[in-house]
Amino acid sequence: MKYVTSNLLDQLYAQSELHLEIAIAGWQQLPATILNAAPSPGSWSAASCLEHLNSYGRYYLPAIEKAIDSAHGSIAGAHYSSGWLGNYFYSLMLPGTPAKPSTKMKAPKAHRPPTQLNPILVLSEFISQQEKLEQLLTRCATVNLATARVPISIAPFIRLQLGDVLLFNSAHIHRHLLQAQNALKLAGYAPSQSSHALKDFLPAA
């Protein structure tokens, strides 16, 4: 996949803005019982989905920042091309559609949310992480997304291009926010405004 770098970063930033809007305007005032409600025994509640994302954010946000710092002084390219492995991970993370269901994956043990959660703290951390991500996306405009590398969480010896990590991270967040939205719907919550419901994921082109 080949992207116009500025368009890629703009769309990823817009995606994060949507995620923030959902969390702040749509979910922040919800009762803890709704956020903790699981659709069925053994399934994840909205809070569980957010905590799963937080666990990845604790790894990837510092790793992305370190990659940006290390690439300081590199020349940002007008275009960005995904690597084959990064594009594969990105494709795996994309939310499903009726025509193409998403690939089911089991969360690694280190990223499985505990059964007891404080949903207020979980949601607050998620919001803080999205705000940090937006700061990093802004900084990414000054570095080369292909030469900057980020070790992936499941195998740190594999270092993907920064641009690919940004793509699969955004898709992963959207995927689990859709899961959280479904859990909330089954718990009886329906957003009062359409803007507080997730739209389709917009992969940058």
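A residue is called buried here when its relative accessible area is under 20%, exposed when it is over 50%, and partly exposed in between, using a 1.4 Å probe and protein chains only. By that rule, 46% of the 205 residues of the protein chain count as buried. The model is predicted, so local features need pLDDT of at least 70 and side-chain atom pairs count only at pLDDT 80 or more, while totals for chains, interfaces and linings use all residues. Residues are numbered from 1 along each chain as its sequence is written, and side-chain values use heavy atoms, with hydrogens and water left out.

**Overall layout**

- The protein chain holds six helices and four strands; helices (H or I, at least four residues) and strands (E, at least two) are DSSP runs, numbered from the N terminus.
- Along the sequence, these elements follow the pattern β-α-α-α-β-α-α-β-β-α.
- Contact means heavy atoms within 4.5 Å. Among contacts in the protein chain with a separation of 6 or more, 83% are between residues 24 or more positions apart.
- The accessible surface of the protein chain is about 10,500 Å², and carbon and sulfur atoms make up 58% of that surface. Accessible areas come from the Shrake-Rupley method with a 1.4 Å probe, and for residues only the protein chains shown count as cover.

**The largest nonpolar core**

- A nonpolar core is a set of buried Ala, Val, Leu, Ile, Met, Phe, Trp, Tyr and Cys residues joined through side-chain atoms within 4.5 Å.
- The largest such core has 57 residues, and W27, L145, L162 and L166 touch the most other members.
- Two or more residues each come from α1, α2, α3, α4 (84-93), α5, β3 (149-152), β4 (155-161) and α6.
- The element that gives the most to this core is α3, with 12 residues.
- Beyond its neighbours within four places in sequence, L145 is in contact with T5, L8, L9, Y80, C140, Q161, L162, G163 and L166.

**Helix α5 and N54**

- Helix α5 covers residues 119-140, and its 22 residues should span 32 Å at 1.5 Å a residue; the end C-alpha atoms are 31 Å apart, which agrees. The expected span is 1.5 Å times one less than the number of residues in the helix.
- At the N-terminal end of α5, N118 acts as a cap, with a side-chain oxygen 3.1 Å from the backbone nitrogen of I120.
- The buried residues of α5 include V122, F126 and Q129.
- The buried residues of α5 pack against α1 (5-27), α2 (32-35), α3 (46-70) and α6 (162-186).
- N54 belongs to helix α3 and is buried, with a relative accessible area of 0%.
- Outside its neighbours within four places in sequence, N54 is in contact with V122, E125, F126 and Q129.
- The side chain of N54 reaches the backbone oxygen of V122 at 3.0 Å. A polar contact is a pair of N or O atoms within 3.5 Å; within protein, one must be able to donate a hydrogen and the other to accept it, and residues adjacent in sequence count only if both atoms are side-chain atoms.
- N54 and Q129 are 75 residues apart along the chain, and their C-alpha atoms are separated by 7.5 Å.

**The β3-β4 hairpin**

- Two strands pair if DSSP finds at least two bridges between them; β3 and β4 pair in the antiparallel sense over four bridges.
- These two strands, β3 and β4, form a hairpin with two residues between them.
- Across the hairpin, I152 stands opposite A155 in β4, and P151 has R159 of β4 as its bridge partner.

**M1, S81 and G26**

- M1 lies in the segment before β1 (2-4) and is exposed, with a relative accessible area of 56%.
- Apart from its neighbours within four places in sequence, M1 is in contact with Y80, S81, S82 and N87.
- S81 is in strand β2 (residues 79-81) and is partly exposed, at 39% relative accessibility.
- Setting aside its neighbours within four places in sequence, S81 is in contact with M1, K2 and Q161.
- G26, in helix α1, is buried with a relative accessible area of 8%.
- The C-alpha atoms of G26 and A190 are 9.4 Å apart in space, although the two are 164 residues apart in sequence.
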